[in-house]
Amino acid sequence: MDNVTYHRAKTLAEAERLLAAHPDAKLLAGGQTLLPIMKDRRLSPANVIDIARIPELKGMRDEGDALVIGANTLHADVLTDPVVRGRIPALTDLVAVLGDPHVRHLGTLGGAVATNDPAGDYTAALVALDATISTNRRDVEAEAFFVGPFQTVLGEGEIVTSVRFPVPRRAGYEKFRHPTSRYALAGVFVAELAGGTVRVAVTGAGPRVFRLPAMEAALKANFSPDAVKQAEVPASCLGSDIHADRDYRAHLIHVMAEKAIVKALAM
Amino acid sequence: MSTVAITVNGTLRSEEIEDRLLLVTFLRERLGLTGTHVGCDTSQCGACVIHLDGRAVKSCTLLAAQADGCEVTTIEGLSRDGLLHPMQEAFREHHGLQCGFCTPGMIMSAVDVLRRIPHPDEETVRHELEGNICRCTGYQNIVKAVLAASGAAA
């Protein structure tokens, strides 16, 4: 790792001050994506600002129709939270297969959201559940937030503070893992929202998380695994590489969607 | 440079460090605690797993500066009064190792699994050890050892 200056912010205001003083700095939460890419020098920021101990970014609250989860909440704490399991069990299922236990003991929701790894799990849940991302400056709908691989609409000095997850009627998540990296080759989050809208979001299969309108329409008419068999997966959304070509990824999306729907129906 | 104060295996260690220093390097090269291994150095293998404030984490994916003020337990800190920790004993009893390179991380992870899930079934043990790679054993005896340490019939 190249030389770096480490700063620790104890409050959100202090983090904002440090970011203003070091606009090139990277925010460090759990570091489970940032540190590996700093170690192999894909990224060599001169400054990192540790925000993991900022208390106002921690915690969870049940607003009845939605759960609001603080950006600093560890994956391990989402996994074991009885309120999350009771209200949005698909989110518990998702976090259970996010990384491994060691990653879940350091990785945070805000870190996963701000990083926007194209094979990350959380992005699919946020888009499918129509979540809202709060920053220190504004609220952004998840669908407008994730722009491209490792790119979001976050501006200079902006810090993710929490995510608001509307509680769906039913939802399910399933992914097919790359056999080595364990990241999703295709992960599908299916949700029937409180108002009856159906949303299907896919991660891992392309440069960014995307929705599948054909599948959503089919599920709106008939919420069953059979309904999505013929639904088109647009090739333009899909990535193609040595691990999986476009056709294989499209096939995986169908299989994962069917499994996710079965899970949602079992809720 | 920063000064960190980290309690390692019950002893407070205050050291001046480069900000980029990883916790695993701090443990191995500053404190001489070489039981914690560096396997892949790419956050995949789990050979470097230690406990940070009681939770299993990869010490190769954490700056020593991030651990300032925290409590760290390494494999050297598990035994008590010259007696192996029950998990170490179970690994020995069930031969949960061959070359032994992954063993410190595997044992630290296994202790953490039973902290969270005192009586796991076999499938749960396999899922929970996903962050630890062993290239020798095929995991059979490792899983057997963890189940035995949990009190399950192995």
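In the predicted model, chain B and chain A together bury about 2400 Å². Carbon and sulfur atoms account for 50% of this buried area. On the chain B side, the residues that lose the most area to chain A are B:R20, B:R55 and B:Q66. Together, these residues make up 25% of what that side buries. In terms of contacts, 35 residues of chain A meet 31 residues of chain B.

Polar and charged interactions were then examined across the same interface. Between chain B and chain A, 6 salt bridges are counted. A salt bridge links B:E130 to A:R177, with the closest N and O atoms 2.5 Å apart. In addition, 17 residue pairs are in polar contact across the interface of chain B and chain A, with both residues of each pair at pLDDT 80 or more.

Several secondary-structure elements of chain B contribute to the side that touches chain A. At least two residues each come from the strands β3 (49-52) and β4 (55-58), and at least two each from the helices α3 (103-116) and α4 (122-128). By residue type, the side of chain B that touches chain A consists of 12 charged, 11 nonpolar and 8 polar residues.

For chain A, an unreviewed UniProt entry lists residues 1-170 under "domain: FAD-binding PCMH-type". Over this stretch of chain A, helix makes up 34% of the chain and strand 23%. The C-alpha atoms at the two ends of residues 1-170 lie 44 Å apart.

Terms used
Residues numbered from 1 in each chain as written. Chains lettered and ligands numbered in written order. Predicted model: local features only at pLDDT ≥ 70, side-chain atom pairs only at ≥ 80, totals over all residues. Heavy atoms only, no water. UniProt positions renumbered as here; feature names shortened; annotations may be inferred. Helix = DSSP H or I, 4+ residues; strand = E, 2+ residues; numbered from the N terminus. Contact = heavy atoms within 4.5 Å. Buried area = accessible area lost by both parts, 1.4 Å probe. Salt bridge = Lys/Arg side-chain N within 4 Å of Asp/Glu carboxyl O. Polar contact = N/O pair within 3.5 Å; in protein donor to acceptor, adjacent residues only side chain to side chain. Nonpolar A, V, L, I, M, F, W, Y, C, P; charged D, E, K, R; others polar.
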